[in-house]
Amino acid sequence: MINIALDFSKREGYLLQPTKSVIIPVKTCRKFYEIEDGFWKLNGKNMPIVSNASHIGIQKSDKNSAESTVNENIKKARRAIANCDSIEWRLAKRQLQIKSHNSCSWFIEVKELCLKYEINDLYAYLTNPLSKFQWKKLVKSKIHDYWTSKITDESKGYSTLKFMDHKYNIGSVHPLAISVNANLKDIRKIPVRLKISTGNYILQTHKASFSKNNFISPTCKLCGKADETVEHFILLCEKLEETRIPLLSKILDNGSLI
Ligand SMILES: [Zn+2]
């Protein structure tokens, strides 16, 4: 392959740059091809064995070329956009100034996203760019604030969520969905608890209201003494007393278990 490239370069009358003609040993997750010094030669001279090199701006490395290329390009883009004499900086300023909101420009897409999350003064960030860490922190907190208030506001419109207390914090589990222990038995209780608190747990009264011609009785099948409503199921059914009493005393003694 090297000889073919060399022959072709001689035939076409151009010179292969010896400094740019290097060997990168390939490392995959399974194999590593070790190459001895002096094994590959170009024009009779040993070719250097290196771990990374760049060709027309694309990084090639023996580990993960795609990742190192992306990281390298992000670094270059950050350096270019921070320099207000660069073409990239002037392009960003011009696009933000003249493009309308329905434009398909990448800059306008970013501007729309920023406006959605209340990151308003983009020119200020263009003139005084934040560090990568500051920018990530700002974007993360704005996105969290936006979704927390949106979900909290919208949840108030759903009557089934009234016992969920409209508490929603990104990154933390709702108290009702936390298991006491991380074992399968406790985890299986979570959907039941959520169904009961949102009114989606099917009790006899629900079945009776859905049945045609009153074929299904709303009476509790455990005790047979009253309609099986949520109140009856949780607080009143005497057949569940044995399970309920220790739980209630625990709740009264220690506060909520969940
Ligand atoms: Zn009962």
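1. Contact between H3 and H4. In this predicted model, helix H3 meets helix H4 through Ala 92, Gln 95 and Leu 96 on the H3 side and Phe 107, Ile 108 and Lys 111 on the H4 side. Sorted by class, the residues of this contact are four nonpolar, one polar and one charged. Gln 95 is the polar one and Lys 111 the charged one.

2. Geometry of the pair. H3 covers residues 87-98, and its axis comes within 9 Å of the axis of H4, with a crossing angle of roughly 65°. The two helices are therefore roughly perpendicular, since the class runs from 65 to 115 degrees. The crossing of H3 past H4 is right-handed.

3. Spacing on the helices. An α-helix has 3.6 residues a turn, so residues three or four places apart point the same way. On H3 the contact includes Ala 92, Gln 95 and Leu 96. On H4 it includes Phe 107 and Lys 111.

4. Cover of H4. Helix H4 runs over residues 106-116. How many of its eleven residues are buried? The count is zero, and the helix is hardly covered. The contact with H3 should be read alongside that count.

5. Ile 108. This residue belongs to helix H4 and is one of those that meet H3. Ile 108 counts as partly exposed because it has 16 C-beta neighbours inside 10 Å, where a buried residue needs 20 or more. Beyond its neighbours within four places in sequence, Ile 108 is in contact with Gln 95, Lys 99, His 101 and Ser 103. Of these, Gln 95 is also listed in the meeting of H3 with H4. From Ile 108 to Ile 98 the C-alpha distance is 10.0 Å, at a sequence separation of ten residues.

6. Glu 118. After H4 comes Glu 118, with a positive phi near 60°. The residue is not a glycine, yet it has this positive value. Glu 118 sits in the loop that joins H4 to helix H5, residues 122-127. Is Glu 118 buried or exposed? It is exposed, because 9 other C-beta atoms lie within 10 Å and the limit for that class is 12 or fewer.

7. Ala 80. Helix H2, residues 65-82, contains Ala 80. With 14 other C-beta atoms within 10 Å, Ala 80 is partly exposed. Not counting residues up to four places away in sequence, Ala 80 touches Ser 86 and Glu 88. Tyr 123 is 43 residues from Ala 80 in sequence, and their C-alpha atoms are 16 Å apart.

8. Lys 167. The loop between helix H6 (132-155) and helix H7 (184-198) holds Lys 167. What is the exposure class of Lys 167? With 12 other C-beta atoms within 10 Å the residue is exposed, because the class takes in counts of 12 or fewer. Lys 167 and Cys 223 are 56 residues apart along the chain, and 36 Å separates their C-alpha atoms.

9. Met 1. The chain starts with a segment before helix H1 (2-12), and Met 1 is placed there. Met 1 counts as exposed, with 6 C-beta neighbours inside 10 Å. Between Met 1 and Glu 88 the C-alpha distance is 39 Å, with 87 residues of sequence separation.

10. Secondary structure of the whole chain. There are ten helices and four strands. In sequence order the pattern is α-β-β-β-β-α-α-α-α-α-α-α-α-α. The four strands thus follow H1 and precede H2 in that pattern.

11. Overall spread. Is the chain compact or spread out? The radius of gyration is 33 Å, well over the 18 Å that the globule rule gives for 258 residues, so the chain is more spread out than a compact globule. The C-alpha trace spans about 100 × 50 × 45 Å along its principal axes.

12. Burial and contact range. Of the 258 residues in the chain, 2% are buried. Among contacts with a separation of 6 or more, 31% are between residues 24 or more positions apart. These two values belong with the overall spread, where the chain exceeds the globule rule.

Terms used: Residues are numbered from 1 along each chain as its sequence is written. This is a predicted model: local features need pLDDT of at least 70, side-chain atom pairs count only at pLDDT 80 or more; totals for chains, interfaces and linings use all residues. The radius of gyration is taken over C-alpha atoms; the globule rule is 2.2 Å times the number of residues to the power 0.38. Two residues are in contact if their C-beta atoms, placed from the backbone, lie within 7 Å. Axes are lines fitted to C-alpha atoms, for helices over the stretch in contact, and angles run from 0 to 180 degrees between N-to-C directions. Angles under 35 degrees count as roughly parallel, over 145 as roughly antiparallel, 65 to 115 as roughly perpendicular and the rest as oblique. A crossing is left-handed if the near helix is turned anticlockwise from the far one by less than a right angle, and right-handed if clockwise.
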